[in-house]
Amino acid sequence: MNPLSTAAAAVGTSLLQDFSLEMTAKDVPGLEAARGSIPQGTRINVTFLGNEDLEMRLGAARAVKRHGFVPVPHISARRLGSRADFEQYLSGLQSDGTGENVFTVGGDPAHPEGPYPDSFSLIDSGLLQAYDVRHVGISGYPEGHPDIVEDVLWSALREKSTSLADQGVDADVITQFGFDVDPVLAWIERVRGEGIAHPVRIGVPGPAGVRRLMSYATRFGVGTSATIAKKYGLSLTNLMGTAGPDRFLHALAEAYDPLRHGRVKIHFYTFGGLEATSEWIVRFRKEALA
């Protein structure tokens, strides 16, 4: 790793004081292996994928809680077949004590499987509060979305933020991951300009294979030009190699200004590598403080 300046090192470690992680329901064994290197109380998001069932999702949230972390179950609007499905999931989370924090997302299906076309419809349903949800995460897209135009994205962010504030529900924004700090911070400045003061958790890929990172980037419309790839540390000529977010976090620590960007934390997309990501974070913090 390149050394950080003293001031940037302090900022970098501050950004990582309350980081969050993401896992799938199939990653419970990985959580067992990684738990010793993850600080107690860490927020761990549990995805809502099409190849998982209700019990897998509930079981993963229970495992997160059992190990002393804060479960943040995802709710995918377009994957819910009915209001009854939505309530069954919320009821299960409530019964397990794992549903105070959730993350709402539209989801991948091109067409809704039930009555919820987007995450705003979940927030606006009144069911989250009815089942004791106290904190809701919403999505942010600094580099846009491959299937949603920019004006719609901004309108949706404003509507969700306003609705949650009106309901008295705490919120944060978790961004899609990217490889370039500049558009992320520019986007956050616009978020603040829109009057949205929620904490922003900047999505960062955990250490992973270059081929896998490029595959996810293509899927989510993340910019991966040769210049950006080189900036991040990806080698487009060695797709068998691996890359971590070292350079990204160095650049972020140097450019972050709390007066302009407000409250910012880091959210790691682990891509099935919970242990590798958590161990990388320990090393990064240790070296930044050295």
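**Notebook: helices, cores and rings in a predicted model**

**Entry 1. Helix 7**

I began with helix 7, where Leu153, Trp154, Leu157, Lys160, Ser161, Ser163 and Leu164 are buried. I note at once that the model I am reading is predicted.

I then asked what covers the buried residues of helix 7. The cover includes helix 5, strand 5 (135-140), strand 6 (170-175) and helix 8.

I checked the length of helix 7 (residues 150-167) as well. Its 18 residues should span 26 Å at 1.5 Å a residue, and the end C-alpha atoms are 26 Å apart, so the two values agree. After helix 7 comes Gly168, with a positive phi near 75°.

One of the buried residues, Trp154, has a further partner: the charged end of Arg190 sits over its ring, 4.0 Å from the centre.

**Entry 2. The chain as a whole**

I stepped back to view the whole chain. I recorded 13 helices and ten strands. Of the 290 residues in the chain, 50% are buried. The accessible surface comes to about 12,800 Å², and carbon and sulfur atoms account for 50% of that surface.

I also looked up how contacts are spread along the sequence. Taking contacts between residues at least 6 apart in sequence, I find that 81% join residues at least 24 apart.

**Entry 3. Helix 3**

I examined helix 3 (residues 54-66) in the same manner. Its 13 residues reach 18 Å from the first C-alpha to the last, close to the 18 Å expected at 1.5 Å a residue.

Which residues of helix 3 are buried? I listed Arg57, Leu58, Ala60, Ala61, Ala63 and Val64. The buried residues of this helix pack against strand 1 (20-23), helix 2 (28-34), strand 2 (43-46), strand 3 (70-76) and helix 4.

Arg57 deserved a second look, for it lies over the face of Phe48, at 3.6 Å from the ring centre. Just after helix 3, Gly68 takes a positive phi of about 90°.

**Entry 4. A positive phi outside glycine**

Having noted Gly68 and Gly168, I turned to Asp132, a residue other than glycine whose phi is also positive, near 65°. Asp132 is in the loop between helix 6 (127-130) and strand 5. Its relative accessible area is 33%, so I entered Asp132 as partly exposed.

**Entry 5. Nonpolar cores**

In soluble globular proteins, nonpolar side chains tend to be buried together. I therefore looked for such groups here, and the largest nonpolar core has 63 residues. Ile202, Ile266 and Phe268 have the most contacts inside this core. Helix 8 (residues 181-193) gives the most to the core, with six residues. Apart from this core lies another, of ten residues, among them Phe177, Ala208, Leu213 and Phe271.

What does Ile266 touch, not counting residues up to four places away in sequence? I wrote down Leu15, Leu16, Phe19, Ser20, Arg201, Ile202, Val204, Leu249 and Leu252.

**Entry 6. Aromatic rings**

I searched the whole structure for aromatic pairs, and nine were found. One of them is formed by Phe86 and Tyr116, which meet edge-to-face, 5.2 Å centre to centre with 75° between the planes. Phe86 lies in helix 4 (residues 83-96) and Tyr116 in the loop between strand 4 (101-105) and helix 5 (119-123), so the pair ties together parts that are 30 residues apart in sequence.

Are these two residues buried or exposed? Phe86 counts as buried at 0% relative accessibility, and Tyr116 counts as buried at 7%.

I also noted a cluster in which ring pairs link Phe19, Phe268, Trp280 and Phe284.

**Entry 7. Two buried residues**

I closed with two single residues. Val200 is in strand 7 (residues 200-205). At 1% relative accessibility, Val200 counts as buried, because the cut-off is under 20%. Leaving aside neighbours within four places in sequence, Val200 is in contact with Val173, Thr175, Trp187, Ile188, Arg192, Arg263, Val264 and Lys265. For Thr175, which is 25 residues from Val200 along the chain, the C-alpha atoms are separated by 7.4 Å.

Thr277 is in helix 13 (residues 274-289). Its relative accessibility is 0%, so Thr277 counts as buried. With neighbours within four places again left aside, Thr277 is in contact with Leu21, Gly206, Pro207, Phe268 and Thr270.

Definitions and conventions. Residues numbered from 1 in each chain as written. Predicted model: local features only at pLDDT ≥ 70, side-chain atom pairs only at ≥ 80, totals over all residues. Heavy atoms only, no water. Phe/Tyr/Trp six-rings, centres within 6.5 Å; stacked < 30°, edge-to-face > 60°. Helix = DSSP H or I, 4+ residues; strand = E, 2+ residues; numbered from the N terminus. Buried < 20%, exposed > 50% of the residue type's maximum accessible area, 1.4 Å probe, protein only. Lys NZ or Arg CZ within 6 Å of the ring centre and 35° of its normal. Contact = heavy atoms within 4.5 Å. Areas by Shrake-Rupley, 256 points an atom, 1.4 Å probe, with all protein chains shown as cover. Expected span 1.5 Å × (residues − 1). Core = buried A, V, L, I, M, F, W, Y, C linked by side-chain atoms within 4.5 Å.
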